[in-house]
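Student: I am new to this structure and would like to go through it step by step. May we begin once it is shown?

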Amino acid sequence: MSEVLNVEEIFGSKVFTLGKMRERLPKSVYKEVKKIIDHGGELSLATADVVAKAMKDWAIENGATHYTHWFQPLTGITAEKHDAFVTHPDEYGKMIMEFSGKELIKGEPDASSFPSGGLRATFEARGYTAWDITSPAFLKEDATGVILCIPTAFCSYKGEALDKKTPLLRSMEAVSTQALRIVRLFGNTEATKVVASVGPEQEYFLVDRDKYLKREDLIFAGRTLFGAPAPKGQELEDHYFGTIRERIGSFMKDLNIELWKLGVTAKTQHNEVAPAQHELAPIYETANIAVDHNQLVMETMKKVAGRHGMTCLLHEKPFAGVNGSGKHNNWSLGTDNGVNLLDPGDTPNENIQFLLVLACILKAVDTHADLLRQSASDVGNDHRLGANEAPPAIISVFLGEQLEDVVKQLVETGDATHSIQGGKLLTGVSTLPDLDKDATDRNRTSPFAFTGNKFEFRMVGSADSIASPNTTLNAIVAEAFCEAADILEKADDFDIAVHDLIKKYLTEHQRIIFNGNGYSEEWVEEAARRGLPNIKSMVEASETLTTEKSIKLFEKFGIFTKAELESREEVLYETYSKTINIEALTMVDMAKKQYIPAVMEYTRTLADTVLAVKSAGADATVQTTVLKSISEKLAETQAAETALEDKLAEAAGIEDPKKLAFFYKDVVHTAMDDLRTPVDELEMMVDKKVWPVPTYGDLIFEV
């Protein structure tokens with residue numbers, strides 16, 4: 001019998017939680033830290049010294065030898081530089097382990113070697129990391145040892161944000177400030193802040209490590225750049241929620257244990273739609289901790305998979321022909337005295353505060369649909385969005401029958417006198433209970449769906465940081481709240497003013513509401529009639545960051561400066577170009593060194609067979625036909641490979657980042673598809689024993 005796992009005991013054991021702070025800090029110091037976590041402010045250096053010593057002592061007791069300022073640069077992943085606690089030995093040669101408040105609060109990594117979009121030149125290296133006191137420090141343990149990780153923000157010497165966290169924290173303060181104005185209008189004087197909460201569901205693939213290492217494309221690009229479909233895919237729908245295989249279950253068990261130790265509330269696990277695809281979902285947390293934890297989830301998935309002889313693939317589309325992976329970003333707003341602003345209650349038609357919040361969110365999403373689309377853009381997601389497996393590239397909002405009916409009443413008559421109720425679901429089986437039915441069904445094709453007391457932003461890519469979408473969500477909703485509060489705070493008759501404003505917002509922005517099939521061609525046509533933007537690629541979405549509308553929004557709330565937005569646009573163009581360039585070079589390498597030589601060798605064998613059959617006086621028609629067909633595809637492959645190299649050479653001469661990104665999207669990517677097609681056709685024609693790499697069947701069914 002396996003050892004009983006005590007989850008309560010291990011949960012948060014590697015985290016310097018508030019509970020550990022309360023145990024180890026003087027009461028006055030703990031109160032000061034807690035006050036700053038809850039309401040903002042700055043620690044005195046003396047207090048920081050006390051906190052640093054307690055944190056260091058706890059870390060060393062748990063085996064730590066180093067500490068690091070753990071931050072999230074514009075690479076989309078995390079970064080860390082380790083410093084040992086060791087100092088110069090004393091006069092007797094005894095080593096003293098120290099960690100000061102100054103070292104806790106501020107670090108100084110190189111700022112020129114990370115993407116900055118021109119904010120930092122190579123010769124301007126200084127940057128700073130600043131402790132995010134609202135996200136707890138934690139211990140990472142691997143072959144390096146035990147490292148104390150201190151979550152931090154990362155900015156340049158001149159103060160520009162060079163990371164994902166700084167703008168997120170700014171946006172959280174902005175939406176809190178403006179949402180407080182709304183709840184004050186409805187008489188809530190006890191709340192001191194409004195917190196954006198997030199629960200990101202994480203999809204991923206697992207493949208056998210040995211097979212992964214035989215695929216250059218998986219190693220360098222994270223996805224298969226070649227590959228014919230297996231005879232069986234996901235068409236039987238037998239993998240979704242299916243029985244979890246032993247090897248996968250063992251991985252999931254270890255993954256949960258590691259995450260629970262790190263304070264990550266891993267709750268749900270299951271098989272996803274595609275073979276070899278799975279999902280993990282946590283419980284809600286404040287947005288910045290959710291962002292930190294999601295990065296830890298992705299890092300831990302990769303680490304634990306390695307222990308089990310597997311590789312975790314987080315790319316949005318690692319295999320053509322089966323579903324890709326995303327992240328469902330569940331977002332909500334709640335006051336610190338327990339009020340969920342997105343809870344409609346039993347009678348949403350009578351919940352005026354909820355209706356105002358809803359109207360503001362619809363206004364925000366409609367006004368800034370382009371920005372919201374951009375926030376979910378990355379290179380891999382271009383393969384997934386709109387591909388009959390994920391929301392389309394068109395932003396719309398699903399409200400469900402109940403709220404859609406309430407909105408319709410308000411728009412058409414000015415009053416909502418009733419709301420649809422859920423009723424009972426009669427099972428028809430005497431031994432089964434009748435179930436209370438929700439008033440609204442779900443819609444998995446909607447990119448932004450209301451799901452009872454939150455919105456589910458379903459467009460986010462599986463490998464992407466959730467910082468950007470939540471920064472954008474917070475910002476656009478803060479703007480809508482601000483504009484509503486500006487009007488209502490001046491109103492002579494609040495009841496009439498709020499009623500009129502709700503009706504106005506719903507009437508002006510009802511075009512963003514769509515409850516139908518987001519995968520259908522009819523919706524694409526309908527969305528165009530409504531005037532909704534259809535931004536189909538990351539490259540096209542990037543320029544939305546620097547429109548006059550966007551700059552005005554972000555600068556108004558101090559989330560981004562114009563220079564920071566311009567830098568991020570440039571980083572996106574560069575990231576796209578570099579990513580596609582790596583993929584194209586990988587394809588060239590695989591074609592020249594693996595596929596073409598393997599097929600040439602196979603044709604030689606076929607040619608020998610043809611000659612042998614003919615010399616024996618038998619009919620060699622079949623052998624000759626096969627040889628001819630394969631030789632023709634081989635010639636196509638060679639021509640396509642040469643054409644791709646020519647396009648890459650042409651790309652090398654383009655200096656403008658935006659023009660280069662569009663060239664890679666429109667020209668190089670097409671040349672890549674042209675090379676893939678004959679190679680995939682050859683895979684279906686050539687003897688499997690001589691095919692140089694594991695096939696889709698090997699990768700997604702043999703794990």
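Student: How many of the 21 residues of helix α6 are buried?

Tutor: This is a predicted model, in which local features need pLDDT of at least 70 and side-chain atom pairs count only at pLDDT 80 or more, while totals for chains, interfaces and linings use all residues. Residues are numbered from 1 along each chain as its sequence is written, and side-chain values use heavy atoms, with hydrogens and water left out. Buried means under 20% relative accessible area, exposed over 50%, and partly exposed in between (1.4 Å probe, protein chains only). Helix α6 is mostly covered, and its buried residues number 15.

Student: What is the distance between the end C-alpha atoms of α6?

Tutor: Helices (H or I, at least four residues) and strands (E, at least two) are DSSP runs, numbered from the N terminus. The expected span of a helix is 1.5 Å times one less than its number of residues. For α6, residues 165–185, that expectation is 30 Å, and the model agrees with it, the end C-alpha atoms being 31 Å apart.

Student: Which residue just after α13 takes a positive phi?

Tutor: Helix α13 covers residues 400–413 and reaches 20 Å from its first C-alpha to its last, close to the 20 Å expected. Its buried residues include L403, V406 and L410, and their cover includes α11, β13, β16 and α15, where contact means heavy atoms within 4.5 Å. Just after this helix, a positive phi of about 90° is taken by G414.

Student: Which residues of strand β4 point to one face and are buried?

Tutor: Side chains alternate along β4, residues 127–131. Y128 and A130 point to the other face and are not buried. The buried face is made by G127, T129 and W131.

Student: Which residue in β6 stands opposite W131?

Tutor: Two strands pair if DSSP finds at least two bridges between them. Strand β4 runs antiparallel to β3, with 2 bridges, and G107 stands opposite T129 there. Strand β4 also runs antiparallel to β6, joined by 5 bridges. In that second pairing, the residue opposite W131 is T152.

Student: Why are E508 and K504 separated by about one helical turn?

Tutor: The side chains of E508 and K504 meet in a salt bridge of 3.0 Å, N to O; the term means a side-chain nitrogen of Lys or Arg within 4 Å of a carboxyl oxygen of Asp or Glu. An α-helix has 3.6 residues a turn, so residues three or four places apart point the same way. E508 counts as partly exposed because its relative accessible area is 42%. The separation of about one helical turn follows because both residues lie in helix α15, where their spacing is 4 residues.

Student: How many residues apart are K633 and E681?

Tutor: K633 forms a salt bridge with E681, the closest N and O atoms being 2.7 Å apart. This pair links distant parts of the chain, with K633 in helix α20 and E681 in helix α21, and the separation is 48 residues.

Student: How many salt bridges does the count come to?

Tutor: Another example is the bridge between D238 and K232, with the closest N and O atoms 3.1 Å apart. Here D238 is partly exposed because its relative accessibility is 44%, and K232 is partly exposed at 28%. By the rule stated above, the count of salt bridges is 38.

Student: Is A276 buried or exposed?

Tutor: A276 lies in the loop between β8 and β9. This residue has a positive phi of about 70° although it is not a glycine. Since its relative accessible area is 2%, A276 is buried.

Student: Is E237 buried or exposed?

Tutor: E237 also is not a glycine, yet it has a positive phi of about 55°. Its place is in the loop between α8 and α9. With a relative accessible area of 64%, E237 is exposed.

Student: Where does P26 lie?

Tutor: P26 is 21 residues from T47 in sequence and 10.0 Å from it in space, C-alpha to C-alpha. At a relative accessible area of 40%, P26 is partly exposed. Its place is the loop between α2 and α3.
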